[in-house]
Amino acid sequence: MAEEFGTVVIGAGIGGGTVVEALRDVGYAGSVALVGADPAAPYYRPDLSKKVMLEQSDPTESALRGEDWYAAHDVTVLFGTAVTAIDPAARSVTLDDGRQLNYGQAILATGSTPRTLDVPGAQLGNIHTLRHAGDAVAIRSQFGDGKKVAVIGGGWIGLEVAAAAKSHGCDVTVILHTDAPPLASVLGDELGEYFEELHRTNGVEFLNQAETASFTGADAVESVETSAGSVPADLVVVGIGADPAVDLASSAGLSTDNGVVVDEHMRTSDGSILAIGDIANAHNVLRDERLRVEHWDNAVRQAEVAASTITEGTRSYDWQPYFYTDQFDLGMEYVGRGGPEDEVVIRGEKSSGEFIVFWRRDGKVAAAMNVNVWDYGDELRALIGKEVSADRLTDEQVPVGEL
């Protein structure tokens, strides 16, 4: 006999955890189930490559809520349980233990899956991706003075892991498959070079134009073999991006295209199913374009929109993309959506370590990033899409709030 729920949330990451809380906050009185393959209650995943690795904190300290919160708010939790199928016609989901849950509304919050390398030796021990708390703890456990760490990929996760490993005394090499600096596809060459120099100054080495061919070792990895040479490694972290986890949605016949296609209210092509977070290719009404953003801020905000939609509210996807990073003594926040082809305008001196970057496209501010300069988030967010000259953006005599 299937269990009946008003809303079933599939995926117990930060998006899934936030949406059940948001439903209760707006007065939703229906029954709620939160189902997630991760055995832990929802937690802030950005902490994995920051606090957990850098400060060696316990992942449970990053929990969104204590497990007792869910019982107190009449949320049935099924952690460590995977959904294997969705039947939109019957409005039911099947669990990996064979049970079925019927729903009035379902919310997909299945996140993304780290890409792996299909090369010889990939099954060896101490080769990791970073997605769950267990991954972070396993990686951190291998840190130590003189330990050789190879990070494959120069994106945000890769560089944050490299910084954490170096802070624990490891010898770190970042392996890049192109000759472009890390983060160039997001920030452009100039800022990519700035981040590379930050890491080099702190002792991280880079190997460019190096395609990973194989891993060698007996039981555990001992080296990474690349087209540019061999890199000794006691630990390998593969950070080459992630793909939206859309298998459930596709099997259920939902519209997918670089994620699950949803409208500005997070509804999929089936009116009884919503999707949020990493998997949601959503219509952004502020930018009038579709965006799929992999960041906790986006998942949290979309969860609140989904709760509004289910309770017949009016909230919509109407904000600029945002993310942040902490690496060594650098902290930064980025808002908007720039590209490597945009004009880069810098306010202040990069050499000072405290500056603001603007990306301009067709005379308008496409994105902004504050580096070790704080309390400008709202002002920078307000500038996105506005026409501002490069001279005015760089003029430090003009307050940011008056640009």
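This note covers strand 22 with its two partner strands, and then residue Thr268, in a predicted model.

1. Start with strand 22, which spans residues 330-336. Of its 7 residues, 6 are buried, so the strand is mostly covered; buried here means under 20% relative accessible area.

2. Strand 22 pairs with strand 21, residues 322-327, and the two run antiparallel, joined by 6 bridges. One pair to look up in the structure is Gln327, whose bridge partner in strand 22 is Leu330.

3. Strand 21 and strand 22 also form a hairpin, with 2 residues between them. Phe328 sits in this turn and has a positive phi of about 55 degrees.

4. Strand 22 has a pairing with strand 25 as well, which covers residues 364-371. This pairing is antiparallel and extends over 5 bridges. Here Gly336 stands opposite Ala367 of strand 25.

5. A separate site is Thr268, in the loop between strand 17 (260-262) and strand 18 (273-275). Is this residue buried or exposed? Thr268 has a relative accessible area of 10%. The cut-off for buried is under 20%, and therefore Thr268 counts as buried.

6. The side chain of Thr268 has polar contacts with backbone oxygens. One is the backbone oxygen of Asp270, reached at 3.0 Å. Another is the backbone oxygen of Ile273, which lies 2.8 Å from a polar atom of the Thr268 side chain.

7. Leaving aside residues up to four places away in sequence, Thr268 touches Leu254, Val260, Val261, Val262, Ile273, Leu274 and Ala275. Ile273 thus appears both in this list and in the polar contact through its backbone oxygen.

Note on methods. Residues numbered from 1 in each chain as written. Predicted model: local features only at pLDDT ≥ 70, side-chain atom pairs only at ≥ 80, totals over all residues. Heavy atoms only, no water. Buried < 20%, exposed > 50% of the residue type's maximum accessible area, 1.4 Å probe, protein only. Helix = DSSP H or I, 4+ residues; strand = E, 2+ residues; numbered from the N terminus. Pairing = 2+ DSSP bridges. Polar contact = N/O pair within 3.5 Å; in protein donor to acceptor, adjacent residues only side chain to side chain. Contact = heavy atoms within 4.5 Å.
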